[in-house]
Structures are given as C-alpha cells and as structure tokens.
Amino acid sequence: MFRFSVKSIVISAIFFAASAFAQESGSIRGIVVDQSTGEGLIGANVIIEGTTIGAATDIEGKYTIPNAPTGTHTLKASMIGYNAVVVEGVKVNPGATVVANFELLEEAIRTEEVVVTAKALEDTDAALLKHRKKSVSISDAISAEEFSRAGASNAADAMKKVTGASVVGGKYVYVRGLGDRYNNTQLNGSELPSADPDKKAVNMDLFPSNLLDNIVTVKSFTPDKPGNFSGGLVDISTKAYPENFTFNVSMSGSHNSNVSFNDDFLTYNTTGATDWLGYDDGTRDLPTIFDDPDLEIPTPQESRVDHVAADKLDAMSNAWEADWDPVKEQAPMNMSYSLSVGDQIDLGGSPFGYVVSGSYKRSFSHYDDGVNARYNWAETALNPRMDVNDAKSSSETLLGGMANLSYRPHPMHDVSFNVMLTQSGESTARYQ
C-alpha cells in the first residue's frame, strides 16, 4: 500500500522539471586572458550572439554561462581597451559543459586631445599633511575640513585646535606660551599690522572661517620667512576662487551677569557720535593751546613755588572745557555681527574670484569692588600712602573688513588684490 503527500508530489514535480530543463540546456565555461601577458582579465564580457545570455569574468578571468541553450552558437568576448574576439561553432549538448577560452589583444583608442587643468587642493587635511611632510620647517596646520568639523566660525576659534597655540581674550593668538611681541601674523603671505597700538597681535576673530583655505603655523626659521618672530608665525590663506557661491550672515550676543544691564556702568558725558564704530569724531581733540610744538608744561612741584608757572598750568587745565566726570548708565549685552560673501564668475573667458567680509563686535567690562593701595616701608612697618576703592568700566569696539579679488587672465598667471580694514577703539571710565 503506497501513500503520497502533497509535499512529496510538489518536490517530485520540481525535480522532474529541472531534469527535463537540464536535458534541454548545457553550460559554457572558460577563461579570458591578455594575449601579451597571459594574465586573466577581470570584468570581461562573454555573450552568446543573438541572445542576451552571457557572463562576466571573475577575479581570475574565468567565466561560466549556465543553462546555455543547446545547439551551435557564436560567442563574443569583449573588454574596454581590447579588441573583441569572436569564436564560432561552439556546440552545446544537453546536460554537457563545453569549454571556450579567449585571448584578447590590447587596442589603442585614439581620441581628440583632452587637456585637464587643475589646482592643488590646499583646504583638505591630506593636502596639508603632505605639505608638512615635505616642509623643511617645523609647522602645524589646520584646513577648511577641520574648520567645518570643529564648528569654528572664525580664525580665532580654529586656532584653538592647533597644537602649541592658545587664544587669549577670544582673539589674540599666543604660540608656545609667548606673548604677542614674539609672534607674527600674515594674510596670504603678507604681514598684517595690529589694530591695537599697545599690542603686536592681530585680532584673529576678524576672519570668517568659511572664506579660509587653511591656517599654517610655522615654528622655526626659514630664509623665505621674516625673522621678527621667535614664538611662531601664523599665515592665514583665504580662498582665491571659491568653488560655489557663499553667503553667510551671523549674529551673536552674550550676557555677563557682572556688567550686562548693570545700572552702575561708568561712562562720561564727553562721548562722540561715532564711538560705537570705534572712531572719535573730534570730541576728544586736544585744545588749541597744545598745538604749539615748543610748549612746556609746568610740573605741579614747580607751580607750588612759582606763581607764573602756576598761572600757566591753571590756564592749560581750564582749556579743557569738556565734562569728564564719570556718570552711570545701564550697559547693554555684548554683541557681534558678521557678513561674508564669495563666488567665482566668468569674466572675459577667464575666472574671477571674489571674497568679501565684514564684522562688527562690541563688548563691555565692569567692576566696582576693586581696591588700589600703595604703601611706604618705614624701617619696621608699612605706612599706607594711598588706599582707595576702585570702580572701572570699559567698552571696546572692533570693526573689520576684508576683500580678496583674484583674476586669472592666463592659465599660468594670477593677479590678486587684497585689502583689509581694522579699527579698534576702547573707552574707559574709572572712579577711585
């Protein structure tokens, strides 16, 4: 007695169908090699002409066409850079495997001349690392790629990622812990002046990071660099020909609980209308009595014993008609604004690149719990000479602008024009 299940019937049907199909088809296999070297060609195509049946060679140059129709066929092997080879009379028997090998000969493909013009990338980590490996000086560098990863909005923020460099006050860069007098700053290879008469350092927060290619910090001397630094030389490179149109506007503010919205912030009545721009409009000009280059100002000690000198000193003092007495007002928050734009356009068949940026920053500082004291040493004890309470308020304005224009009239020539504006102003009121 025989029993059959549905499952066994289905399996048997599939088996007999596959056997029947195998009896009506065969397979073709072989290898495709380079005729001159004998090495297998990877990715060569072998097809049965007149059909869409074929296969590609593997890593050893071998191929297999399973389930090839029975009969006599023509095979064609082809690959880019090689002459195609056709083999006729390949007979495929049912259920059998036939071998067909191919030898392809390289083919010289002639086209019109293609000229590729490119410029070495200077805004990637790989490019800067290669440059440092070949450099004869000790240097460190940070690229535009790193600017983006670090979220740096300006050059000062980016310099925080440089080994051996520190940023003081959010804008001044010190290399190896040495102050501003031991460092130097360049823009595209040209030395930058400082906007602060008391410092040699350059305000690094003037340069928006989206318009920079890289920042290179050189820490040793080479003949092509100026010799007026011992800490480090910071060279800022801007984008000459931006790849895409760039437009960036940013605005930020910060609150300092010690000064922001403090009603005890000190200032004075003699302020100019352009103080917010860091410029004086003439309000603080010296009185005309001081225009004389031969003017001699009596000392307080001399005026005590000479009434002529005392009258002269009194006249000079009264020449100041402005009111310099400190007054109190409310201080606003610290604020910062920046705008930058850059692009590359076609001008007379040649590329013209422009990079323009502007920034404005105003910050405030204040303290009213200071103490200023001086003492004289008298044999065995200190005698107080002066002991006063001290309150001081300052407002600082930083205004900056930069424009970099580049034009390439010939593939071998570049014409660039760089202009930079920096203006720094500080107003201080103090009461002791």
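## Secondary structure

Helices (H or I, at least four residues) and strands (E, at least two) are taken as DSSP runs and numbered from the N terminus. On that basis, the chain of this predicted model contains 6 helices and 22 strands.

## Burial, contacts and surface

Of the 432 residues in the chain, 33% are buried. The accessible surface amounts to about 26800 Å², and carbon and sulfur atoms account for 53% of that area. When contacts in the chain between residues at least 6 apart in sequence are considered, 64% of them join residues at least 24 apart.

## The four-stranded sheet

One open sheet consists of 4 strands in the order β3-β2-β5-β6, with antiparallel pairing. Its edges are β3 (54-56) and β6 (85-92); each has a single partner strand, so one side of each is left without a neighbour in the sheet. From one strand to the next, the twist averages 20°.

Strand β2 (residues 45-48) runs antiparallel to β3, and 3 bridges join the two. Within this pairing, Asn-45 has Ala-56 of β3 as its bridge partner.

## The five-stranded sheet

Another open sheet is built from 5 strands in the order β16-β19-β20-β21-β22, and its pairing is antiparallel. Here β16 (246-254) and β22 (413-431) occupy the edges; because each has a single partner strand, one side of each is left without a neighbour in the sheet. Neighbouring strands of this sheet are turned against each other by 15° on average, direction ignored.

The antiparallel pairing of β16 with strand β19 (residues 334-347) extends over 9 bridges. Met-251 has Tyr-337 in β19 as its bridge partner.

Note on methods. Residues are numbered from 1 along each chain as its sequence is written. This is a predicted model: local features need pLDDT of at least 70, side-chain atom pairs count only at pLDDT 80 or more; totals for chains, interfaces and linings use all residues. Side-chain values use heavy atoms; hydrogens and water are left out. Buried means under 20% relative accessible area, exposed over 50%, partly exposed in between (1.4 Å probe, protein chains only). Contact means heavy atoms within 4.5 Å. Accessible areas come from the Shrake-Rupley method with a 1.4 Å probe; for residues, only the protein chains shown count as cover. Two strands pair if DSSP finds at least two bridges between them. Axes are lines fitted to C-alpha atoms, for helices over the stretch in contact, and angles run from 0 to 180 degrees between N-to-C directions.
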